[in-house]
Amino acid sequence: MQTVNVGLAERSYQVFIGSDMLGQPHAAFNIGSGSTALIVTNDTVAPLYLDKLIQSLAGVNVHSLVLPDGETYKTQESWSKIIDALIEVRATRDATVITLGGGVIGDMGGFAAASYMRGINFIQVPTTLLAQVDPSVGGKTGFNHPSGKNLVGAFHQPASVVVDISTLDTLPDREFSAGLSEVVKIAAIRDADFLGWLEDHTRAIMARDPEALTGMIRRSIENKAAVVAEDEREAGVRALLNFGHTFAHAVETLTGYRQFLHGEAVAMGMMVASRLSELRGLCDTGLSHRLGTLLVSFNLPLTLPENLETDDILETMKLDKKVIAGAARLILVKSAGQGLIDSASDTLQIKSAIEACRPTD
């Protein structure tokens, strides 16, 4: 088992990374004997890993809540069900919420922990690659609103994160590829050497070689942890982690969170953002092609849906959380491994970048 520390003073915590970790008690599940824990999971993950996780919690008063799987259920209604479950088991302020699943479960369970009795403990147990490398670390929690993604939420750091790479054995290929999108993102905006490593190890990664996956996940988390430690609440450098996300969130919102996985939308968004960077002369021509080649090797889409109007995308972007004083705060790239925060792109330039990422005959 390997560990990565997320340094946030009194809110610091560790990310534990290893194989076959569920079902075996260890320091990550540091919940007092007799304490109450509510495991929040979904109907895809529960049959696979819920019993194993319960075995890890000997001596703890364990309850579970199984929600429907999917981004369409990342709603106020689902969040309310978690709150109701905490009340039903008479959870007090020393209770712990444990999220077992992907980013949707982690975000909603974390927000329930943040809002129940003004904040209780929670532990992340991410079971998808995307959740392992990105949303399980950093304390962003919340749910979607029909007008936009993650418009309701709070920063609430977990007590620990348990990344069991064995759970990736049961992850569908499409979900696995979607997770790789967030890996490419972190490399593209902050770690040029890692970007080259990904290009050199695409075959091992797609074959799910355990050694390659462990190294990839750890490096992604180390990068994310360093950013979070520097800027916990996204006042500055942490905004770079949103590379591609403003466009991605617009695509997800306009398609009702049903057509694309989050990582697929992020891949499209990164292509728009990199093309915009080139159009603006902020980076050398060819960077978008380099990123696109890597994304294609990971079986990710590059072009925007034909049925989404450019004006609709722009209008939806106005409700994104990253809009400040009416201007879209976009994350662009200066070079491989070097992102930048931009508020100077005009509407015509953004439109041109969007149109450049349409399917060609």
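Let's start at helix 13, residues 347-356, where Ile350, Ala353 and Ile354 are buried. These three cover an arc of only 100° around the axis, so they sit on the same side of helix 13. Bear in mind as we go that this is a predicted model. What lies over that buried side? The cover includes helix 9 (245-254), helix 10, helix 12 (310-317) and strand 12 (330-335). At the N-terminal end of helix 13 you will find a cap: Asp346 places a side-chain oxygen 3.2 Å from the backbone nitrogen of Leu348.

Two of the elements that cover helix 13 deserve a visit of their own. Take helix 9 to begin with, which holds Thr246. With a relative accessibility of 5%, Thr246 counts as buried. If you would like a sense of scale, set the C-alpha atom of Thr246 against that of Gly59: the two are 187 residues apart along the chain and separated by 44 Å.

Now turn to helix 10. Its 18 residues reach 26 Å from the first C-alpha to the last, close to the 26 Å expected at 1.5 Å a residue. Of those 18 residues, 16 are buried, so helix 10 is largely enclosed by the rest of the structure. Just after this helix comes Gly281, with a positive phi of about 75°.

Helix 10 leads us straight to the nonpolar interior. In soluble globular proteins, nonpolar side chains tend to be buried together. Here the largest nonpolar core has 72 residues, and those with the most contacts inside it are Val15, Leu129, Met216, Ile217 and Phe243. Helix 10, residues 262-279, supplies the largest share of this core, with nine residues. Apart from it lies another core, of 24 residues, including Leu67, Ala91, Ile105 and Ala113.

Val15 is a good place to look into the 72-residue core. Setting aside neighbours within four places in sequence, Val15 is in contact with Gln2, Thr3, Val4, Val6, Val137, Val161, Val163 and Ile221.

One of those partners, Ile221, brings us to helix 8, where Ile221 is among the buried residues. Helix 8 has 21 residues and reaches 30 Å between its first and last C-alpha, close to the 30 Å expected at 1.5 Å a residue. Met216 and Ile217, named above for their contacts in the core, are also buried in helix 8, and so are Ala212, Leu213, Ser220, Asn223, Lys224, Ala225, Val227 and Val228.

Thr214 is another residue of helix 8, which runs from 210 to 230. Is Thr214 buried or exposed? Its relative accessible area is 17%, and the cut-off for buried is under 20%, so Thr214 is buried. Beyond residues up to four places away in sequence, Thr214 touches Gln2, Ile17 and Ile165. Gln2 also appears among the contacts of Val15.

Ala212 in helix 8 gives us a link to helix 7, residues 202-206, where Ala204 is found. Leaving out neighbours within four places in sequence, Ala204 is in contact with Asp209 and Ala212. With 26% relative accessibility, Ala204 counts as partly exposed.

Next, the aromatic rings. The model has four aromatic pairs. In one of them, Trp79 and Phe143 have ring centres 6.0 Å apart and planes at 40°, so the pair is tilted. Because Trp79 lies in helix 2 (residues 76-88) and Phe143 in strand 7 (residues 140-145), the pair ties together parts that are 64 residues apart in sequence. Phe143 has a relative accessibility of 5% and counts as buried. Ring pairs also bring in Phe111, linking Trp79, Phe111 and Phe143 into a cluster.

We can finish with two loop residues whose backbone is worth a look. Arg118 sits in the loop between helix 3 (103-115) and strand 6 (121-126). Its phi is near 65°, a positive value in a residue other than glycine. At 79% relative accessibility, Arg118 counts as exposed. Asn299 lies in the loop between helix 11 (287-297) and helix 12, and here phi is near 60°, again positive in a residue other than glycine. Asn299 is exposed too, with a relative accessible area of 57%. With helix 12 we are back at one of the elements that cover the buried residues of helix 13.

How values were computed. Residues numbered from 1 in each chain as written. Predicted model: local features only at pLDDT ≥ 70, side-chain atom pairs only at ≥ 80, totals over all residues. Heavy atoms only, no water. Core = buried A, V, L, I, M, F, W, Y, C linked by side-chain atoms within 4.5 Å. Buried < 20%, exposed > 50% of the residue type's maximum accessible area, 1.4 Å probe, protein only. Helix = DSSP H or I, 4+ residues; strand = E, 2+ residues; numbered from the N terminus. Contact = heavy atoms within 4.5 Å. Expected span 1.5 Å × (residues − 1). Arc of directions from axis to C-beta. Polar contact = N/O pair within 3.5 Å; in protein donor to acceptor, adjacent residues only side chain to side chain. Phe/Tyr/Trp six-rings, centres within 6.5 Å; stacked < 30°, edge-to-face > 60°.
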